[in-house]
Amino acid sequence: MVVTAGTRWASRAQFFSSGFIFATWGVHVPTVKAHYGLDEAQLGLALLAAGAGAMFGLTSAGRWIGRHGPRRIAALSGCVYALLLAGLIAMPGYFALMGLLAAFGLVTSVFDVAINTEAAQLEMQSGTPLMSGMHGMFSLGGMAGAASGSAVLAAGMGAQTHLLLVAAVMVLLVAVSSTRMLPKAVTGNAASADHGFRLPRGPLAVLGVLAALGLIAEGAIYDWSVLYMQQELGSPQKQAALAYAAFSAAMAAARFGGDAMRARFTPIALLRGSGVLAAAAMTLVLLTDIPWLALVGFAGVGIGFANVVPILFGASARVPGVEPASGIASVSAVAYLGFMAGPAVIGLLARASSLTAALYVVVVFAAALAASARFTRSEAT
């Protein structure tokens, strides 16, 4: 089957919607906390329920996608993902909220695996690198979701109205774009992929660990960069907030240029260069006491980490003898554990020493990615 521009744009729309929904949830975490009168511990348990749901989804996604195909699973999980937004502050109580968040986490992870499987298939069908641009659309959706959410709430729109509006628009976008995805016959044989989740072994285990290192480091910047600017460099809040913005904007821009880089360089060379750049840029952040130079460093870290996940997911979809959906699901499961553990790891290290010392984890993990780049060789097989 010829991969058309419409098929590629359908996949981009799916990634955009995933980022937009995720960012909208992030905007309303304080809303949920206030609405249900939760303290930090209760909110943490609720977020843990979402994480548990996501892990269950990752253990089942490969089997479901193998049986029904990415198109059907993406349409179903994506629409449910959007609709669950509307219930975030409509639950009758705390335990009902935890149930909703568990379902939210489940469909989030299944949708993620389905659209990444589709993107990997599009790459193989077209012979053209596409994964980085897809993840760039996720970043763009996240930026759009966060910016529009902040804007409409600042303008006085009620939280429930905003959630309903986003849910309706995203359901429409997911449903329409799903109709242009590849048919199931093109994306693989259900019989060969219809098996339960298995812990990754061999190349998949290595790729999963590398993805976890990347997401721990990436999550550390998302969660701690603003506080670092305020606490360690004494920056005012408005300037400190630019750390997150510099990192996110640079990452999005680099992802849109990432496919051209992947077409020009091997995965090994690109991951090695990405890791070295991220390590050097983060070292600059931690050594300088000049705020604007630290912002430059955070942008460099964003560029460095931008294509790590696309490279590793692309490699996991090409491991010989493994269906793309199963490979991506296995690597995603390990990576997601890293993403969940990252904030706690940095927090514990910061408590034991200092935030500056704790953030050297980013340097170490980026260097480890560069040193382990040879393990992406499976993408070329």
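Which residues of helix 4 are buried? In this predicted model, the buried residues of helix 4 are Pro-70, Ile-73, Ala-74, Ser-77, Gly-78, Cys-79, Tyr-81, Ala-82, Leu-84 and Leu-85. The helix itself comprises 16 residues, from 70 to 85, and the 22 Å between its end C-alpha atoms agrees with the span of 22 Å that should follow from a rise of 1.5 Å a residue.

The largest nonpolar core contains 111 residues, and those with the most contacts inside it are Met-282, Phe-305 and Leu-359. Helix 5, which covers residues 94-126, gives the most to this core, contributing 14 residues. When neighbours within four places in sequence are left aside, Phe-305 is in contact with Gly-214, Ala-217, Met-251, Ala-278, Val-362, Ala-366 and Leu-369.

Another set of contacts centres on Leu-204, a residue of helix 10 (residues 203-231), which counts as buried because its relative accessibility is 8%, under the 20% cut-off. Not counting residues up to four places away in sequence, Leu-204 touches Ser-316, Val-319, Val-322, Gly-327, Ser-330 and Val-331. Leu-204 and Ala-315, although 111 residues apart in sequence, have C-alpha atoms that lie 8.8 Å apart in space.

Two salt bridges were counted in the model. In one of them, Arg-262 is paired with Glu-123, with the closest N and O atoms 2.6 Å apart; this pair links distant parts of the chain, since Arg-262 belongs to helix 11 (residues 237-264) and Glu-123 to helix 5, with their positions 139 residues apart in sequence. Arg-262 also forms a salt bridge with Asp-259, for which the closest N and O atoms are 3.7 Å apart. Because Arg-262 and Asp-259 are three residues apart in helix 11, about one helical turn separates them. Through shared partners, the salt bridges join Glu-123, Asp-259 and Arg-262 into one network. Each of these charged residues counts as buried: the relative accessibility is 12% for Arg-262 and 4% for Glu-123, while Asp-259 has a relative accessible area of 13%.

On the surface, Leu-284, Ile-290, Trp-292 and Val-296 form a nonpolar patch, with about 370 Å² of accessible area together. Trp-292, which is found in helix 13 (residues 291-305), has a relative accessibility of 55% and therefore counts as exposed, the cut-off for that class being over 50%.

How values were computed
Residues numbered from 1 in each chain as written. Predicted model: local features only at pLDDT ≥ 70, side-chain atom pairs only at ≥ 80, totals over all residues. Heavy atoms only, no water. Patch = residues over 30% accessible without salt bridge, like charges linked within 9 Å, V, L, I, M, F, W, Y side chains within 5 Å. Areas by Shrake-Rupley, 256 points an atom, 1.4 Å probe, with all protein chains shown as cover. Salt bridge = Lys/Arg side-chain N within 4 Å of Asp/Glu carboxyl O. Helix = DSSP H or I, 4+ residues; strand = E, 2+ residues; numbered from the N terminus. Buried < 20%, exposed > 50% of the residue type's maximum accessible area, 1.4 Å probe, protein only. Expected span 1.5 Å × (residues − 1). Core = buried A, V, L, I, M, F, W, Y, C linked by side-chain atoms within 4.5 Å. Contact = heavy atoms within 4.5 Å.
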